[in-house]
Amino acid sequence: MADEQLTILYIINPDPIFYGMMDQLIIETFQRHKVNVIVTELEELSFIVGNEITFYRKGEQIQFDAFLGYGYMAPKHNQDYMYFTFAVHSAGKITLHKPETEEILQNKLLQYLKFSENQVPIPRSGTSFSVNTFKQNLRRFNNKSIMKEVVGYEGTGVKLSVNHNQSTELFCKSIWNGEQTIIQDFIDDTIGRSIRVLVIGGKAVSVTEFQDNVDFKSNAQSDDFTIESKMDSDKKNEYFKIAEKACAAIDPHLTIGGVDILDSRKNGIVILEINSWPEITFSQDATGLPLFDQFGQEFIEKIITNIRERKNSA
């Protein structure tokens with residue numbers, strides 16, 4: 001249980017496209033733990049940098065122990081969120097993730113590089129920086145491949161290409177739009193299925209299976225999408241172990257991560273990505289586990305530990 005004097009500055013997601021009631025559920029979780037929550041809009045915040053960093057809300061100075069925003073945002077809002085996160089972290093306060101961790105979590109290519117460095121199995125992926133080099137590398141991939149923008153969420157920017165001409169066209173469009181796109185091996189025996197492991201504080205706490213019988217992606221975008229608990233699966237410990245290894249490759253003390261896994265008979269278990277703001281509601285409803293409370297307790301413990309360490313070093 002947290003001390004009543006703990007204060008979290010919480011911004012309401014300015015672009016809550018897929019997140020529904022997440023903000024309210026997270027706020028209520030902290031309030032149940034007797035934490036003071038300052039609920040604000042991103043546009044109300046500012047800071048001034050001098051000998052110290054001073055934070056303001058609506059032009060008035062504010063004091064808080066941690067800053068939190070939850071959910072993917074439009075590019076400008078996300079940029080502002082990152083600036084504020086960096087300022088809060090630089091001031092010695094707690095944020096959901098460290099700025100450098102946040103940068104990696106929001107970029108699939110950077111994730112893959114960290115996974116490769118730490119021997120985390122992933123689908124083979126290729127990156128090129130011109131149309132010519134992309135065409136040269138195409139021969140190393142099958143006709144049917146995944147084309148994936150490095151920044152995206154809820155399956156946006158992920159397309160199944162059926163031949164090399166289509167892959168080239170998709171890559172050209174990404175270059176035109178100023179985006180970076182990855183080509184990735186298509187694992188054809190996992191169509192419409194993926195495993196989601198929720199990791200909190202570096203430890204796996206739940207596992208579910210996402211299934212979609214309409215789309216090749218299992219991201220809740222069709223009317224035939226289902227979620228099933230895998231807490232009784234014979235492979236639960238295996239899923240937990242690889243999810244924890246993937247998170248540790250990016251940050252050994254990751255506050256929260258939604259690890260997407262493909263379990264293929266031909267290719268084995270591979271990591272697709274880690275979501276920095278996973279939809280907690282899906283996993284909680286499917287498993288019946290108190291995942292919001294586990295997330296809240298982890299974040300509160302980080303605040304308490306940070307305050308204690310700062311006092312001891314003063």
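Which residues in α9 are buried? In α9, the buried residues are Leu291, Phe292, Phe295, Gly296, Phe299, Ile300, Ile303 and Asn306, where buried means under 20% relative accessible area, exposed over 50% and partly exposed in between, with a 1.4 Å probe and protein chains only. An α-helix has 3.6 residues a turn, so residues three or four places apart point the same way. Helix α9 covers residues 291-313, 23 residues, and reaches 33 Å from its first C-alpha to its last. That is close to the 33 Å expected at 1.5 Å a residue, the expected span being 1.5 Å times one less than the number of residues.

This is a predicted model, in which local features need pLDDT of at least 70, side-chain atom pairs count only at pLDDT 80 or more, and totals for chains, interfaces and linings use all residues. Residues are numbered from 1 along each chain as its sequence is written, and side-chain values use heavy atoms, with hydrogens and water left out. Helices (H or I, at least four residues) and strands (E, at least two) are DSSP runs numbered from the N terminus.

**Sheets**

Strands of a sheet pair through backbone hydrogen bonds, either parallel or antiparallel. Here two strands pair if DSSP finds at least two bridges between them. One open sheet of four strands has the order β2-β1-β6-β7 with parallel pairing. Its edge strands are β2 (36-40) and β7 (94-95), each paired on one side only. Strand β1 (residues 7-11) is joined to β2 by five bridges in the parallel sense, and Thr7 has Asn36 in β2 as its bridge partner. Helix α1 (residues 22-32) packs on this sheet and touches β1, β2 and β6, contact meaning heavy atoms within 4.5 Å. The direction of α1 makes about 175 degrees with that of β1; axes are lines fitted to C-alpha atoms, for helices over the stretch in contact, and angles run from 0 to 180 degrees between N-to-C directions.

Another open sheet of four strands runs in the order β8-β11-β9-β10, with antiparallel pairing. At its edges stand β8 (125-127) and β10 (158-161), each with a single partner strand, so one side of each has no neighbour in the sheet. Neighbouring strands of this sheet are turned by 25 degrees against each other on average, direction ignored. Three bridges join β8 to the antiparallel strand β11 (residues 181-185), and Ser125 has Gln184 in β11 as its bridge partner. Helix α4 (residues 108-117) lies across β8, β9 (145-149) and β11, at about 50 degrees to β11. Helix α6 (residues 164-176) lies across β9, β10 and β11, at about 150 degrees to β10.

**Aromatic rings**

The structure holds 13 aromatic pairs. Rings of Phe, Tyr and Trp (its six-membered ring) pair if their centres lie within 6.5 Å; planes under 30 degrees apart count as stacked, over 60 as edge-to-face and the rest as tilted. Two of the pairs are tabulated.

| Pair | Centre distance | Plane angle | Class |
|---|---|---|---|
| Phe55 and Phe84 | 5.4 Å | 65 degrees | edge-to-face |
| Phe67 and Tyr81 | 5.9 Å | 40 degrees | tilted |

Phe55 in strand β4 (residues 53-57) and Phe84 in helix α2 (residues 75-90) are 29 residues apart, and both are buried. Phe67 lies in strand β6 (residues 66-69) and Tyr81 in helix α2, so this pair ties together parts 14 residues apart in sequence. Phe67 is buried at 1% relative accessibility, and Tyr81 is buried at 2%. These four residues belong to one aromatic cluster with Phe47, Phe64, Tyr72 and Trp277.

The charged end of Lys93 sits over the ring of Phe64, 5.1 Å from its centre. A charge sits over a ring if NZ of Lys or CZ of Arg is within 6 Å of the ring centre and within 35 degrees of the ring normal. The charged end of Arg124 sits over the ring of Phe141, 4.2 Å from its centre.
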